[in-house]
Amino acid sequence: MYRYDEFDHDFVQARVAEFSDQVKRRLAGEITEDQFRPLRLMNGVYLQLHAYMLRIAVPYGTLNSRQLRMLAHIARKYDKGYGHFTTRQNLQFHWPALADVPAILADLASVEMHCIQTSGNCIRNVTADHFAGAAADEVADPRPYAEILRQWSSVHPEFSYLPRKFKIAVTGAERDRAAIQAHDIGLHLKKNAAGELGFAVYVGGGLGRTPMVAKKIRDFLPEAELLSYCTAILRVYNLYGRRDNKYKARIKILVHETGVEEIARQIEAEWQELKDTELKLPEADIRAINAYFAPPALSARPEGDALVKQARLDSKSFSEWLDQNVVTHRHPDYAAVTISLKGIGEVPGDVTDSQMEAVADIAEKYAFDELRVSHEQNLILPHVARADLKAVYDALVEIGLATANSNLISDIISCPGLDYCSLATARSIPVAQEISRRFASLERQREIGELKLKISGCINACGHHHVGHIGILGVEKKGTELYQVTLGGSADENTSIGEIIGRGFSSEEITDAIEQIVDTYLGLRLRPDERFIDAYRRVGPAPFKEALYAGETKAA
Amino acid sequence: MKVLTANRLSDGIAVWYADGGWAETVGHADIAYDKAAEDRLEAIGAAAAANNEVLDVNVIDVTIVDGLVQPVRLREKIRAAGPTIHPDLGKQASPQAARAA
Ligand code: HEM
Ligand code: SF4
């Protein structure tokens with residue numbers, strides 16, 4: 001795992017000192033809210049409905065047990081005993097007092113964490129495949145490149161006042177688990193015919209009120225040119241991105257309005273000026289960063305097969321968990337485990353202080369001290385010997401985190417919505433909870449198969465609803481909550497934006513509507529393994545519309 | 001019918017203007033029944049923000065239920081009570097406040 005060097009340490013410490021002073025002056029009334037707001041946002045402090053909110057960066061979703069224990073400590077000491085993992089692989093605390101934020105930041109800095117660039121019109125936390133470094137289908141670990149981007153983009157003087165926020169995601173596998181095509185820049189690490197590493201580059205993806213799928217502008221960019229090329233993209237965006245209207249300020253709008261060919265041409269032209277400059281990454285530097293991400297020494301543990309086989313026979317629930325939450329690892333004796341933060345009826349992504357501590361213990365004991373946060377709001381143990389899976393499972397059962405629902409309908413992504421968020425137009429968490437309860441039966445969920453359900457409490461789309469197989473958007477209509485349903489979205493290598501299926505549903509109707517959609521799918525799929533998204537792409541919206549709205553008059 | 005609300009500077013907690021100060025619950029907030037009173041609340045809010053006591057100042061619609069002030073919009077109801085998914089957190093967590101909210 002990446003360790004801070006002296007520069008990183010000094011930089012984060014200096015920022016803690018600077019912001020502590022700013023907080024002190026704010027509390028003393030020496031600076032106004034208008035002056036302070038941009039400063040607090042630069043340090044991850046938002047104001048929500050009930051209190052301040054603090055967003056903590058988890059670079060490319062990678063954590064160790066020491067860091068997770070510190071998050072637990074902060075949750076207990078300064079917050080209300082829990083934290084919320086988000087779709088950007090970060091953690092949010094919903095209740096910190098402003099007066100405590102300096103102490104929290106100092107605690108975070110002691111474990112090499114911070115809140116810098118978790119808000120504002122800058123380059124945000126770079127996200128990556130949560131199975132990075134472990135996935136069997138990976139060409140190379142994408143995290144070293146995410147780290148290079150982090151270093152380059154941190155307080156980058158030229159890119160600290162962009163037209164709007166800017167999000168980059170990286171994957172190292174064909175199967176995209178990082179939703180790269182929903183980002184401002186998506187990078188797909190791959191090898192060319194000569195076996196050299198480089199990236200397919202996508203640009204202009206994004207969600208929010210104008211969802212767009214990113215366009216590929218380069219099929220293969222040599223790895224050494226990562227920064228020169230990203231600089232070229234950011235320069236074109238910084239120069240031509242709209243600053244007159246914040247709803248049109250993301251790069252997706254620029255790409256859309258300029259046209260892909262023209263924007264690619266502008267970027268290439270800019271890049272010609274940059275590519276042989278000091279922005280070209282020296283091979284030695286790439287290898288040095290890579291060394292930080294060297295995989296743990298995985299010794300042979302061939303006894304795993306027999307142990308797993310026996311444990312499967314002994315326990316049906318272990319067997320189901322194995323099928324659902326455990327995936328193959330590039331080392332045959334190991335596996336990657338998804339710890340579901342989606343217990344039936346629970347708040348998606350929420351985890352208590354004591355659960356965090358227990359998970360940290362498990363990671364330390366069985367998983368080489370490595371953890372990941374997934375953009376699907378779960379935690380991942382990337383390297384677990386198959387021989388230890390039963391022990392890990394038993395430990396997770398004890399803390400209520402062994403729900404075997406990864407990728408199933410109750411593995412719902414949900415933003416905080418109107419229960420916390422000041423921008424929300426409707427609640428999202430209670431909808432997630434009710435759907436989760438309705439589909440509580442694991443047998444039924446497995447019968448339905450892979451189904452990605454995503455909910456946002458307003459059009460900003462923090463809950464990724466546009467790219468859910470089923471997406472739910474909460475809006476306010478005549479003073480009450482109304483839920484619009486989109487179908488056919490997807491955030492993988494075949495990213496698509498869901499289509500609105502028809503009129504919205506009240507909070508009393510929405511769960512029934514979802515059930516009707518699922519039943520319609522079950523009735524029309526060709527085979528049990530035809531996934532919801534594949535069936536939808538085959539038949540289109542008509543049968544679902546018919547099921548939901550048949551019998552309604554045209555006027556409705 | 002309107003009341004004045006904001007979030008307290010030091011901890012961000014939602015507060016309502018009542019009896020010349022900021023209360024942590026909405027139930028007994030000062031009510032403006034006409035435009036002139038509303039303007040007075042606005043002025044008090046602006047002054048309190050300028051004085052760095054509170055931020056995000058707003059005048060919101062309310063009604064009276066069982067003798068207590070209750071916000072009209074769902075957003076403000078949730079602000080006054082706490083997250084609907086956590087009855088154990090926010091104002092609603094203390095029984096006295098729950099009645100007021
Ligand atoms: C105080 C709370 C939050 C505020 C004020 C906020 C604000 C916003 C806004 C304004 C947008 C739209 C940006 C645009 O279209 O230009 C947005 C998008 C987004 N936010 Fe949030 N958000 C909050 C919480 C969250 C949370 C909890 C998550 C993760 C669960 C999240 C992740 C995202 C994502 C993934 C997008 C859409 C991707 C994109 O940028 O196009 N945000 N947010
Ligand atoms: S989607 Fe809207 S309601 Fe949900 S967290 Fe984002 S801004 Fe808030």
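At what angle do helix H6 (residues 226-240) and helix H8 (residues 260-274) of chain A pack, and how far apart are their axes?

**Entry 1, ground rules.** I am working with a predicted model, in which local features need pLDDT of at least 70 and side-chain atom pairs count only at pLDDT 80 or more, while totals for chains, interfaces and linings use all residues. Residues are numbered from 1 along each chain as its sequence is written, chains are lettered from A and ligands numbered from 1 in the order in which they are written, and side-chain values use heavy atoms, with hydrogens and water left out.

**Entry 2, H6 and H8.** I looked up this pair and found an angle of about 125°, with the axes 8 Å apart; axes are lines fitted to C-alpha atoms, for helices over the stretch in contact, and angles run from 0 to 180 degrees between N-to-C directions. Helices are DSSP runs of H or I with at least four residues, and strands are runs of E with at least two, numbered from the N terminus. H6(A) and H8(A) are therefore oblique to each other, given that angles under 35 degrees count as roughly parallel, over 145 as roughly antiparallel, 65 to 115 as roughly perpendicular and the rest as oblique. On the H6(A) side the contact (heavy atoms within 4.5 Å) includes A:Tyr229, A:Ile233 and A:Tyr240, and on the H8(A) side it includes A:Ile263, A:Trp271 and A:Leu274. By class I noted nine nonpolar, three polar and three charged residues, where Ala, Val, Leu, Ile, Met, Phe, Trp, Tyr, Cys and Pro count as nonpolar, Asp, Glu, Lys and Arg as charged, and the others, Gly among them, as polar.

**Entry 3, H11 and H13.** The axes of helix H11 (residues 316-325) and helix H13 (residues 389-398) of chain A come within 11 Å and cross at roughly 105°, so I put these helices down as roughly perpendicular to each other. A:Ser317, A:Phe318, A:Trp321 and A:Leu322 in H11(A) meet A:Leu389, A:Lys390, A:Val392, A:Tyr393 and A:Leu396 in H13(A), and I recorded seven nonpolar residues, one polar and one charged in this contact.

**Entry 4, the ligands.** For the iron atom of ligand 1, I found A:Cys462 (SG) as the only protein donor, at 2.2 Å; donors are N, O and S atoms within 2.8 Å of the metal (3.2 Å for Na, K and Ca), and water is not among the atoms, so sites may look incomplete. A:Cys462 is found in the loop between strand S17 (453-456) and strand S18 (470-477) of chain A. A:Cys462 also appears among the residues surrounding ligand 2, which include A:Cys415, A:Cys421 and A:Cys458, each with a heavy atom within 4 Å. I noted that this shell divides into eight nonpolar, four polar and no charged residues.
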